[in-house]
Amino acid sequence: MRTALTIAGSDSGGGAGIEADLKTFASFGVHGLVAVTSVTAQNTLEVRAIHDIPPEVVVSQIEAVADDIGVDAAKTGMLSNAGIIKAVAKTVKRYGFPLVVDPVMIAKSGAVLLREDAIDALVSRIIPLATVVTPNVPEAERLTGIKIKTLEDAKRAAKLIVEELGAGAAVVKGGHLKLGEAVDVLYYDGRFREYRAEFVKGCTHGTGCSFSAAIAANLAKGKPLEEAVGEAKRFITMGIRYGVSLGRGHCPVNQNAWRDVPALKWKVYEELNSVRNALSGAENAVLVCALPLPYGAEGENIAVLRNGEITFGAPEDIAGILLRRMLERSEFRCLLIHDGEQVFGTSPWEVVKKVGL
């Protein structure tokens with residue numbers, strides 16, 4: 001079992017901070033370790049209060065887990081004051097494990113999480129220890145002084161973070177850039193690499209924490225940096241798409257989707273496979289079953305049994321019929337179309353029995 005350590009603040013709403021990091025570590029099958037730097041009273045709308053943990057207690061947490069359990073990789077999140085930053089830097093340097101630095105400055109709600117007088121300490125003490133730094137555009141602008149409007153600006157900022165600030169690598173995330181895609185730029189080993197994904201509608205609270213935690217988890221598993229960033233990009237895109245609709249503000253990403261979707265796809269495949277023989281004599285019968293909501297709202301997550309073959313990706317018209325029924329009654333996730341009749345049910349066997357096959 002590989003281990004990953006999060007050195008970050010706690011989000012009482014469970015959407016960001018160490019709570020998001022631990023969910024991310026678990027999704028990649030990595031055991032999560034924690035050193036809490038600050039406790040926030042926070043929800044999807046606002047940060048109501050912040051209480052910083054004494055630096056010596058933060059250090060003791062890191063030492064306790066590193067001395068006994070061991071740390072395969074770590075990440076930093078909210079390091080709100082210079083005292084914590086200096087203490088963390090000194091301790092991390094002593095152990096020498098791979099370090100992902102998420103330079104958290106402002107919460108999704110707009111609350112300041114890094115004091116102005118601590119930014120210099122972050123730049124001089126933490127960034128030179130980083131295996132990779134993962135700023136968004138506003139954070140990269142603050143760290144480098146470069147106004148980032150284009151992809152080329154993002155590349156210049158990433159290069160500066162490495163070549164002048166001393167990080168091993170830098171990923172400037174492109175969610176704030178007004179491009180047709182969400183493009184993240186990695187500068188590593190003297191060259192650039194772009195990671196592209198479509199913009200997806202969903203939930204975004206905790207994206208930065210979860211993205212950096214995903215990189216740390218994959219580094220802990222021994223994956224090369226470029227591969228770890230690619231996995232993190234796919235992970236966070238899926239997490240946003242299937243975000244958890246909670247609260248009245250910025251809803252949180254869904255870290256569980258990374259494991260839920262493939263596991264549920266296999267379950268649905270097995271369910272359809274169990275009725276394959278029962279439908280073998282029913283010509284032109286089409287049986288479709290979706291993953292439970294929210295995953296089943298995507299056509300690619302609806303399995304189709306037709307002429308003895310099981311595939312994923314239902315035709316748009318059939319997917320629309322099933323989805324409308326699921327939105328009325330979420331348990332009805334299967335649809336059998338046979339001899340012009342549409343039969344809905346909670347499982348493949350239920351709809352097969354309803355039509356007497």
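**View A. Helix 8 and helix 9 pack across each other in this predicted model.** Helix 8 spans residues 225–241 and helix 9 spans residues 257–274; their axes come within 9 Å and cross at roughly 80°. Helix 8 is therefore roughly perpendicular to helix 9 (65 to 115 degrees; under 35 degrees counts as roughly parallel, over 145 as roughly antiparallel and the rest as oblique). On the helix 8 side, look for E231, R234, F235 and M238, which meet A257, W258 and V261 of helix 9 (contact means heavy atoms within 4.5 Å). By class, this contact has 5 nonpolar, no polar and 2 charged residues. Ala, Val, Leu, Ile, Met, Phe, Trp, Tyr, Cys and Pro count as nonpolar, Asp, Glu, Lys and Arg as charged, and the others, Gly among them, as polar.

As a reading aid, residues are numbered from 1 along each chain as its sequence is written, and side-chain values use heavy atoms, with hydrogens and water left out. Because the model is predicted, local features need pLDDT of at least 70 and side-chain atom pairs count only at pLDDT 80 or more, while totals for chains, interfaces and linings use all residues. Helices (H or I, at least four residues) and strands (E, at least two) are DSSP runs, numbered from the N terminus. Axes are lines fitted to C-alpha atoms, for helices over the stretch in contact, with angles from 0 to 180 degrees between N-to-C directions.

**View B. Helix 2 runs alongside helix 3, roughly parallel to it.** The axes of helix 2 (residues 55–68) and helix 3 (residues 82–95) come within 8 Å and cross at roughly 20°. Their crossing is right-handed (the near helix is turned clockwise from the far one by less than a right angle; anticlockwise is left-handed). Helix 2 brings P55, V58, V59, I62, E63, A66 and D67 to the contact, and helix 3 brings G83, I84, A87, V88, T91, R94 and Y95. These residues divide into 9 nonpolar, 2 polar and 3 charged.

**View C. Helix 5 and helix 6 meet at an oblique angle.** Here the axes of helix 5 (residues 137–144) and helix 6 (residues 151–163) lie 10 Å apart, at an angle of about 50°. Helix 5 passes helix 6 in a left-handed crossing. Find A140, L143 and T144 in helix 5, then A157, L160 and I161 opposite them in helix 6. The contact holds 5 nonpolar residues, 1 polar and no charged.

**View D. Two backbone features sit in loops.** Most residues other than glycine have a negative phi, and most peptide bonds are trans. The peptide bond from L293 to P294 is cis, with omega near 10°, and P294 is in the loop between strand 10 (286–290) and strand 11 (302–306). D189, a residue other than glycine, has a positive phi near 55°; its place is the loop between strand 8 (181–188) and strand 9 (191–198).
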